[in-house]
Amino acid sequence: MLQKIKDRLFRKPAATPAPMPNNELRDPVDPFCFNLDLVPTNNDWGESGESFFAYMMKKYHFQAYFLGEKAPTKDFLVHFIVDAKYTYSFLVQVKTPIQAQYTKQETKISVPDFNSKDVELLSNHTDATYLCVVDLNRQKLYFRGVFGEKNTISSIATTHKLDNNPDAQQRNGILLYQLAKEVIKYHNEIIFSNKPNFKTVFI
């Protein structure tokens with residue numbers, strides 16, 4: 001089962017065009033950078049971050065379905081197909097700061113507006129749940145598991161990242177393979193076997 005996922009992740013990524021930010025805010029030199037003189041709103045930036053997240057998932061053969069405003073603490077339901085019999089899913093909340101804030105050594109990135117109530121609502125869902133912080137300027141996504149968490153998450157480690165740089169294809173495949181393994185393990189232990197206290201490696 002896992003070998004089929006590995007084969008899919010490490011083949012050539014899907015050839016889909018990268019999403020562009022709002023045309024009025026786009027920098028003419030670097031299309032993934034906003035012209036800050038035009039002062040983009042949080043909604044502009046957030047929508048571009050969500051589009052970039054969906055693009056990166058599709059690029060590596062995952063399907064991300066936007067859940068809309070009716071699901072305020074979970075932006076996407078993400079599916080990956082193992083074979084004709086098995087399809088797994090997980091939930092992702094996407095956060096896109098206008099200006100990504102890193103620690104001095106860049107070992108962590110700040111998470112905007114994700115308080116303890118948001119954390120609890122997301123972590124209490126029956127599906128595997130993740131938080132993703134998008135740095136649009138660097139074209140990177142950072143992941144953290146949100147399993148059984150109760151407290152506000154103000155920053156996450158930069159360890160588990162997807163990078164839109166062509167040189168990062170191998171690293172991206174490894175990360176998504178680890179993510180797929182964890183989601184399958186979560187389904188087997190929590191949903192099917194009812195084992196409590198699942199521990200995520202995405203911390």
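Modeller: Two strands pair if DSSP finds at least two bridges between them. Strands are DSSP runs of E of at least two residues; helices are runs of H or I of at least four; both are numbered from the N terminus. In the pairing of strands β3 and β5, L91 stands opposite T129 in β5.

Colleague: What sort of model is this, and what limits apply to its features?

Modeller: This is a predicted model, where local features need pLDDT of at least 70, side-chain atom pairs count only at pLDDT 80 or more, and totals for chains, interfaces and linings use all residues. Residues are numbered from 1 along each chain as its sequence is written, and side-chain values use heavy atoms, with hydrogens and water left out.

Colleague: What is the mean pLDDT of the protein chain?

Modeller: The mean is 82, and 76% of the residues reach 70 or more. The scale is the predictor's confidence in each residue, from 0 to 100. Confidence is lowest in helix α1 (residues 2–9), at a mean of 69, and highest in strand β4 (residues 108–110), at 97. Over residues 23–36 the pLDDT is below 50. That stretch still has 34 contacts in the model beyond near neighbours in sequence; a contact is a pair of heavy atoms within 4.5 Å.

Colleague: What is the order of helices and strands?

Modeller: The chain has four helices and eight strands. Along the sequence they follow α-α-β-β-β-β-α-β-β-β-β-α.

Colleague: How do you know that β3 and β5 pair?

Modeller: Six bridges join β3 and β5, so the pairing rule is met. The sense is parallel. β5 also has six bridges to β6, and those two strands run antiparallel. C132 stands opposite F143 in β6, and D135 has K140 as its bridge partner there. β6 pairs with strand β8 (residues 161–163) too, antiparallel over three bridges. On that side K140 stands opposite D163.

Colleague: Why is Q139 called buried?

Modeller: Its relative accessibility is 18%. Buried means under 20% relative accessible area, exposed means over 50%, and partly exposed lies in between, using a 1.4 Å probe and protein chains only. So Q139 counts as buried.

Colleague: And why is N115 called partly exposed?

Modeller: N115 has 38% relative accessibility, so it falls in the middle class. It lies in the loop between β4 and α3. Its C-alpha atom is separated by 4.4 Å from that of T152, 37 residues apart along the chain.

Colleague: What is notable about the phi of Q139?

Modeller: Most residues other than glycine have a negative phi. Q139 is not a glycine, yet its phi is positive, about 55°. It sits in the hairpin of β5 and β6, which has four residues between the strands. H61 also has a positive phi, near 70°. H61 is in the loop between α2 and β1 (63–66).

Colleague: What makes β5 mostly covered?

Modeller: Eight of its eight residues are buried. In a regular strand the side chains alternate between the two faces of the sheet. In β5, A128, Y130, C132 and V134 are on one side, with T129, L131, V133 and D135 on the other. Both faces of β5 are covered. In β6, six of six residues are buried, with K140, Y142 and R144 on one face and L141, F143 and G145 on the other.

Colleague: What makes a set of residues a nonpolar core?

Modeller: A core is a set of buried Ala, Val, Leu, Ile, Met, Phe, Trp, Tyr and Cys residues, joined through side-chain atoms within 4.5 Å. The largest one has 37 residues, and F53, F80 and F90 touch the most other members. Its largest share, eight residues, comes from α4. Leaving out residues up to four places away in sequence, F80 touches partners including I5, F62, A180 and V183. A second, separate core has 13 residues, among them I109, V119, L131 and Y142.

Colleague: How do you know that D118 has no salt bridge?

Modeller: A salt bridge puts a side-chain nitrogen of Lys or Arg within 4 Å of a carboxyl oxygen of Asp or Glu. For charge, Lys and Arg are positive, Asp and Glu negative, and His and the chain ends are not counted. The nearest side chain of opposite charge to D118 is K95, 5.2 Å away, so the criterion is not met. D118 is nevertheless buried. It lies in helix α3 (residues 116–123) and, beyond neighbours within four places in sequence, contacts T73 and D113.
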